[in-house]
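Me: I would like to learn how to read the overall fold and the chain contacts of a model. Where should I begin?

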Amino acid sequence: MLEVEGLEASYGPFLALAGVTLSVRPGEIVALLGPNGAGKTTLIRCVSGLLRPRAGAIRWESAPLDGVPAHEIVERGIAVVPEGRRLFPTMTVEEHLDLGAFAPRARAGRERRREEVFAIFPVLRERRRQRVRSLSGGQQQMVAIGRALMAAPRLLVLDEPSLGLAPRVVEAILGVLGEINRAGVSILLVEQNVHAALALAHRACILESGRIAGEGPARALLDDPHVRRAYLGPLALRE
Amino acid sequence: MTAAVLLQQVVLGLLIGGLYGLAAAGLSLVFGVLKVLNVAHGELIMLGGYGAFWLFALAGVDPFVALLAVVPASLLMGALLYHGLFAWVVRAHEETRIKNSLLIGFGLGLALHALAVQLFTADERAVTTAYAGAVLDLGGVSVPVVRLASLALALAITVGLHGLLARWRWGRAIRATAEDWEAAALAGIDVRRAYLLAFSIGTALAGAAGTLVSVGYSISPSIGLEWTLKALIVVVLAGLGSMLGTFVGGLVLGLAEAVSATAFGGPYREVVGLLIFFLVLVARPQGLFTR
Amino acid sequence: MSRAGVLAGIGAVAALAWLPVVVRRDDHLNFFVLVLLTVTLAQSWNIIAGYAGQVNLGHAAFFGLGALVTRSLWIGGAPVVAGMLAGAAVAVAFALAVGAAAFRLRGAYFAIGTLALGEILRITVGNVLPEISTLPTDVIAGYRLATRYWIALALAGLSVLAVAGLSASRLGLGMQAVREDEEAAEATGVGALRLKLVALVISTGLAGLAGGLFAFYHISYYPAHPFAPHWTFDAVLVTFIGGVGTLHGPILGAVFYVFLKEYLAVRWVDFHLLIFGALFVAIVLLLPGGLVEAGGRLRAAWRST
């Protein structure tokens, strides 16, 4: 469904992506792993329409995403939960969810979808009139995900959802992602928490210095010695 | 300087303060959403005033009624100005954008001022309706009715604006764009459309302010710079983000001017606002956008 | 600056010095004085804005201070040159007094902050000295336009020299580094504040001298008049239209501006501002290098045919 081919992107003279190829098939959860500065966020920005790539192609449901503005990409069925959540500080939970359904395609059925979001994240229903800046990190992440879900996406992209969150909260959120996927939404997940990501995903790609350095079924990568050494730390060596 | 004189000055200061607030609202909206500092905002106010004046002079339209024509016309003019000029400016990053918009606004302001001088001559004008001289006596303080009505209208417009930004779908989109335009785009908001709307509404607010200025006070092609400065002072005082807060900021400026005029003499009325402005700016050198 | 450039400059000044001998009509000579005054004012603004990158919208304050001090001292009996130097000194002193505070502001905030400062000064002077300033009759009797012309020429030459000298010097390079990216410049050890203050001193000193000329030139005017923002705006328009940050820009711009202004003023008051306002916007958006850039492109196109 999502196909990225030979993608190159730069910030000024700095080449952040040097030819990336990956895909997300319908119903899949694909994890995108790699060290800091590898270009993961850059890739997300290209897919979401915030950054124009220098070369290469991005196709979504067989149509090119070249030069399509971000809000239009939402309309086509991709919703992004950006790094650091990027919420609107003075707005309430409810207002965020309402804004999430801003795209014309998402307006129909938005009341029902809001109920679904509250069903997934009950704590948001309790706090729906609260300003998001008074919520905890985990709750804010839920708002961010909820906002993206309100757009009725067929592909949900998340950039580092576990950042700054307690392990228990991370577990809960990744559990939720599993639920969402089983309901039919494909997921592209950028994560630093390699263990959790590989436990959830079907497939994984490793991005290093702007290039794909490895790819395959998540289980296989869990056993891959390079991955274990580079990303899974001393805990992995014990197994 | 008696208490009665001071009270009278304070009342007059609050009456014009409401207009300062309205004038600032448009500038604040545009600055907050587009990150564009349109220093021609005062000239837009001036043009709104002339719109009301000529409707009155040529067609006998009561200026408060003229609002119904001037506001939509200003809205349209704002849309044209955005498409013709500021749509280019918003392509740059924030810091370049602010600087470019300052320069563009400067040129635009000069051009509009010169145009007004050509079309309307440099004479001062005011709308003098039949009821213009009516004055209410409230406990020894004279309150010109027209100015009181203007204050009430300015407040009503501000409240309406606040409601618009809170309830209207695109109003919320505008607020979201102001807070984080990338996140807004990711939520499906057409940011360019939000910019267009914000700029048009900002211009409409300027037109409304100008209409009210023409009826209680006076207008001439040269009032542009003065009103841009008033709006800037209020925006810096009140900060960005709240229309009601901006209105209060306007009242505060009016109040400060009244007090200083009574204390130091009329001619120094303007100086206190400018001084406060400079001092507040220097105290917050990081600008108005950080939270 | 190239040797050819220096020689050309000296030649131009020498030629221009003969002008009062050749040009008999006072109104023509007035035109030249106005051009030279505009060149000086524009180049002075060019230094702080074009080279150091600080858009100072309160420039008229220094012009006004120079005029105020010069006028007072000269009418009081001092030789005018001494008055002008004192005027420049006061302008610089004021610049240093507010400079440290003002330079805490960046970009557009500096611009509107200095605008406010300029207005504060104008209003204050207008309140303290509301009456028109006229020259005593014996001074009017002894008024020689040629003297004003030569002083104007000297100031214009001085301002062009200052800009030329700056653009070639380490000081000037440092200022340009600050203009391009102040943080990066600071990181490499360039003392940004010091450079900005130096630029401000040179800029305001020249503006003060220009103000002194204004005071010497005009027979009567309101003391607050040279503090009016339109002097700043003139400098901004001229510099940008000519080519901000270049040596020749303000000169080209000044000639173009004064010519059009005097020519159009006959029929339509302030009409030149409509044209220049629109031209200014066009230049900021499309041709940031102004007439100098346009000229360069034309020359390149000519050469390639």
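Reply: Begin with overall size, bearing in mind that this model is predicted. The general idea is to set the radius of gyration against a rule that depends on the number of residues. For 239 residues a compact globule would have a value near 18 Å, and chain A has 17 Å, so the two agree. Along the principal axes, the C-alpha atoms of chain A fill a box of roughly 45 × 45 × 30 Å.

Me: What share of the residues in chain A is buried?

Reply: Burial is read from how many other C-beta atoms lie within 10 Å of a residue's own, with 20 or more counting as buried. In chain A, 45% of the 239 residues are buried. Sequence separation adds to this picture: of the contacts in chain A between residues at least 6 apart, 68% join residues at least 24 apart.

Me: How many helices and strands does chain A have, and how do S1 and S2 of chain A pair?

Reply: Chain A has eleven helices and ten strands. Strand S1 (residues 2–11) pairs with strand S2 (residues 14–24) in the antiparallel sense, over eight bridges. Within this pair, Val4(A) is opposite Leu22(A) of S2(A). Two residues lie between the strands of the hairpin, where Gly12(A) has a positive phi near 60°.

Me: Which helices of chain B supply residues to the side that touches chain A?

Reply: Count the contacts, then see which elements supply them. Here 15 residues of chain B contact 20 residues of chain A. On the chain B side, helices H6 (169–179) and H7 (181–186) each supply at least two residues. By class, that side has seven nonpolar, six charged and two polar residues.

Notes. Residues numbered from 1 in each chain as written. Chains lettered and ligands numbered in written order. Predicted model: local features only at pLDDT ≥ 70, side-chain atom pairs only at ≥ 80, totals over all residues. Helix = DSSP H or I, 4+ residues; strand = E, 2+ residues; numbered from the N terminus. Rg over C-alpha atoms; globule rule 2.2 N^0.38 Å. Buried ≥ 20, exposed ≤ 12 C-beta atoms within 10 Å, placed from the backbone. Contact = placed C-beta atoms within 7 Å. Pairing = 2+ DSSP bridges. Nonpolar A, V, L, I, M, F, W, Y, C, P; charged D, E, K, R; others polar.
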